[in-house]
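Visitor: Could you take me through one part of this model up close? I'd like to look at how charged side chains pair up, and then at the cysteines.

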Amino acid sequence: MIRSDYHMHTEFSTDSEAPVGSMIEAAIQKGLTEICLTDHYDQDYPEVPDVEGVPFIFDVDAYFRILEKYRESYKGRIRICTGIELGLQPHLGAFYKDLTSKYPFDFVIGSVHLIHGIDPYYGDCLLYTSPSPRDLSTS
């Protein structure tokens, strides 16, 4: 049986509206003993039509302050870890190294959300030209 979830997004992440407290309560109701909130942080994410302001950036100081309050109030009921899901891009290595050194994250996820600066969810992002490699015969 799964007792933990280390990939959860809350209202800190552009792609979620779930309050932190409701995520914790849902985890407890499901019988989880440990969770890690890993909200998206995508430095240099492009503007998108359905998001006001800068998408996928959150106030990390506020994040830690709020999660510390929840850790204290849920102590003994569930272990709450602090994490982050970084949107990896080659030019951001030093920035993310500094960010993850500055804060005591328990867990860091590295994900690729953009291809050549485009999120495939929002735009025409061709990964292959025609014919694609899967269409080519090796014989």
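**Charged pairs and two cysteines**

Guide: Let's start with Arg-79 and Glu-34, whose side chains meet in a salt bridge, at 2.9 Å from N to O. This pair links distant parts of the chain: Arg-79 sits in strand β3 (residues 79-87), Glu-34 belongs to strand β2 (residues 34-41), and their positions lie 45 residues apart in numbering terms. Arg-79 itself is partly exposed, with a relative accessible area of 46%. Keep in mind that this is a predicted model, and that the count of salt bridges in it comes to 3.

Now swing over to helix α2, which spans residues 60-73. Glu-68 and Arg-71 both lie there, 3 residues apart, so about one turn of the helix separates them. Their side chains form a salt bridge too, with an N to O distance of 3.9 Å. That still qualifies because the cut-off is 4 Å between a side-chain nitrogen of Lys or Arg and a carboxyl oxygen of Asp or Glu. As for the surroundings, Glu-68 is partly exposed at 41% relative accessible area, and Arg-71 also counts as partly exposed, at 26%.

Stay on Arg-71 for a moment, as its side chain also meets that of Asp-106 in a salt bridge, at 2.4 Å from N to O. Here again the pair links distant parts of the chain: Asp-106 is in the loop between α3 (93-102) and β4 (107-111), while Arg-71 is in helix α2, 35 residues apart. Asp-106 is partly exposed, with a relative accessible area of 39%. Put the shared partners together and Glu-68, Arg-71 and Asp-106 join into one network of salt bridges.

On to the cysteines. How many disulfides does the model have? The count is 0. Cys-36 has its closest cysteine sulfur in Cys-81, but the two sulfurs are 5.1 Å apart, and that is too far for a bond. Looked at from the other side, the closest cysteine sulfur to Cys-81 is the one in Cys-36, at that 5.1 Å. The cut-off for a disulfide is 2.5 Å between sulfurs, so at 5.1 Å the Cys-36 and Cys-81 pair doesn't make it.

And are these cysteines buried or exposed? Cys-36 is buried, with 0% relative accessible area, and Cys-81 counts as buried as well, at 1%. The limit for buried is under 20%.

Note on methods
Residues numbered from 1 in each chain as written. Predicted model: local features only at pLDDT ≥ 70, side-chain atom pairs only at ≥ 80, totals over all residues. Heavy atoms only, no water. Buried < 20%, exposed > 50% of the residue type's maximum accessible area, 1.4 Å probe, protein only. Helix = DSSP H or I, 4+ residues; strand = E, 2+ residues; numbered from the N terminus.
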